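This report is for a reader meeting the structure for the first time. It begins with one residue and its helix, then turns to the neighbouring helices, a few loop positions and the protein as a whole.

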Amino acid sequence: MTTREQLLSPLLFDNSGHMQILPAPFGAALNGAAMFGVMEVSLERPRTELSPELRQDEFGLLWNTAEKASHPEKSPIQTIADLTVYRFPAVREDFIRERVDTFWDAPPEALRICTIYGPCLARAEALAGQERFLLAMRKEPAFAHALLYRICEYDLRVIDMAMQFDFDGFKLVETWLDTDSAPLTLPLWREFLKPYLVRLYAMIKAYHKPVIQSGKSANTAFAEELNELGVDILELS
């Protein structure tokens with residue numbers, strides 16, 4: 001462990017082994033973080049402007065900015081057959097390096113956090129459509145799992161590549177912790193999302209980085225599950 005990691009470890013890891021639950025932004029509430037500061041960078045590539053009202057993301061999805069849509073105009077994966085022909089974007093080392101390099105703009109003592117948005121449910125709802133995916137979890141579990149597996153494999157590659165570089169922690173932002181999103185029961189979460197979150201968290205932990213899970217719900221059942229999975233900080237807005 002480096003001297004820097006020794007200094008930051010008491011802030012990011014609770015010595016009792018329990019998850020810290022902090023209001024967003026977690027850095028402002030983190031004991032002692034005021035003396036360090038926090039810088040976060042997203043590993044999601046910015047959307048490409050196709051017209052004044054239309055943007056395309058790295059997954060090929062089109063978003064109408066005029067309508068401030070929370071879902072894309074069309075979701076390309078409706079069946080397992082669609083999934084077999086859909087091509088996930090390449091994980092680009094040059095982009096990740098460019099993003100992580102921005103940490104050099106922060107004070108040397110600042111906490112440096114990489115962020116992935118919607119690695120499970122939000123991505124699945126975008127690629128399949130929210131109603132379609134929620135129905136699949138109840139009626140077509142094989143399809144739901146196949147889609148989540150592919151999404152997880154993509155995000156694992158992103159995390160693995162990012163770990164080549166120097167930063168202090170990984171934050172995942174998800175809609176199943178969002179009280180404004182479609183309701184997700186704890187049994188559905190356990191069956192469909194938990195297996196993939198376990199893999200994402202495990203990879204982050206394998207590199208001795210803290211796991212920061214972000215969302216909006218204060219549901220104690222989710223908090224207990226996340227604590228058992230080894231999440232270090234639960235950030236709630």
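Leu127 is found in helix α5, which covers residues 121–128; helices here are DSSP runs of H or I with at least four residues, strands are runs of E with at least two, and both are numbered from the N terminus. The model is a predicted one, in which local features need pLDDT of at least 70 and side-chain atom pairs count only at pLDDT 80 or more, while totals for chains, interfaces and linings use all residues. Residues are numbered from 1 along each chain as its sequence is written, and side-chain values use heavy atoms, with hydrogens and water left out.

With a relative accessible area of 0%, Leu127 is buried, a term that stands for under 20% relative accessible area, whereas exposed stands for over 50% and partly exposed for values in between, with a 1.4 Å probe and protein chains only. Which residues is Leu127 in contact with, leaving aside its neighbours within four places in sequence? They are Phe59, Leu61, Ser75, Pro76, Ile77, Tyr86, Phe88, Leu147 and Ile151, where contact means heavy atoms within 4.5 Å. One of these partners, Tyr86, is 41 residues away from Leu127 in sequence, and the two C-alpha atoms are 10.0 Å apart in space.

**Helix packing**

Two packed helices are described by the angle between their axes and the distance between the axes. The axes are lines fitted to C-alpha atoms, for helices over the stretch in contact, and the angles run from 0 to 180 degrees between N-to-C directions.

| Helix pair | Angle between axes | Distance between axes |
|---|---|---|
| α5 and α7 | roughly 115° | within 10 Å |
| α5 and α6 | about 115° | 6 Å |
| α7 and α8 | about 15° | 10 Å |

The axes of α5 and α7 cross at roughly 115°, which makes α5 roughly perpendicular to α7; angles of 65 to 115 degrees count as roughly perpendicular, under 35 as roughly parallel, over 145 as roughly antiparallel and the rest as oblique. The crossing of α5 and α7 is right-handed, meaning that the near helix is turned clockwise from the far one by less than a right angle, while an anticlockwise turn would be left-handed. At this meeting place, Arg123, Ala124, Leu127 and Ala128 of α5 face Phe143, Leu147, Leu148 and Ile151 of α7 through contacts.

Helix α5 also packs with α6 at an angle of about 115°, the axes being 6 Å apart, and so α5 is roughly perpendicular to α6. This crossing of α5 and α6 is right-handed. On the α5 side the residues that meet α6 are Leu121, Ala124, Glu125 and Ala128, and their partners in α6 are Gln130, Arg132, Phe133, Leu134 and Met137. Within α6 (residues 130–139), Arg132, Phe133, Leu134, Ala136 and Met137 are buried, and the buried residues of α6 pack against α5, α7 and α8.

For α7 and α8 the angle is about 15°, and these two helices are therefore roughly parallel to each other. α7 passes α8 in a right-handed crossing. Residues of α7 that meet α8 include Pro141, Leu148, Cys152 and Ile159, and those of α8 that meet α7 include Phe192, Tyr196, Leu200 and Ile204.

**Loop positions**

His208 is found in the loop between α8 (186–206) and β8 (211–215). Although His208 is not a glycine, it has a positive phi of about 60°, and its relative accessible area of 67% makes it exposed.

Pro52 lies in the loop between β3 (48–51) and β4 (54–56) and counts as exposed at 70% relative accessibility. Its C-alpha atom is separated by 9.2 Å from that of Asn64, 12 residues apart along the chain. Gly60, in the loop between β4 and β5 (62–64), is partly exposed, with a relative accessible area of 39%.

**The protein as a whole**

The protein has nine helices and nine strands, and buried residues make up 48% of its 237 residues. Among contacts between residues at least 6 apart in sequence, 71% join residues at least 24 apart.

The mean pLDDT, the predictor's confidence in each residue from 0 to 100, is 84 for the protein, and 82% of the residues reach 70 or more. Among the elements, helix α7 (residues 141–162) has the highest mean pLDDT, 96, and helix α1 (residues 3–12) the lowest, 56. Where pLDDT is low, the predicted coordinates should not be read in detail.
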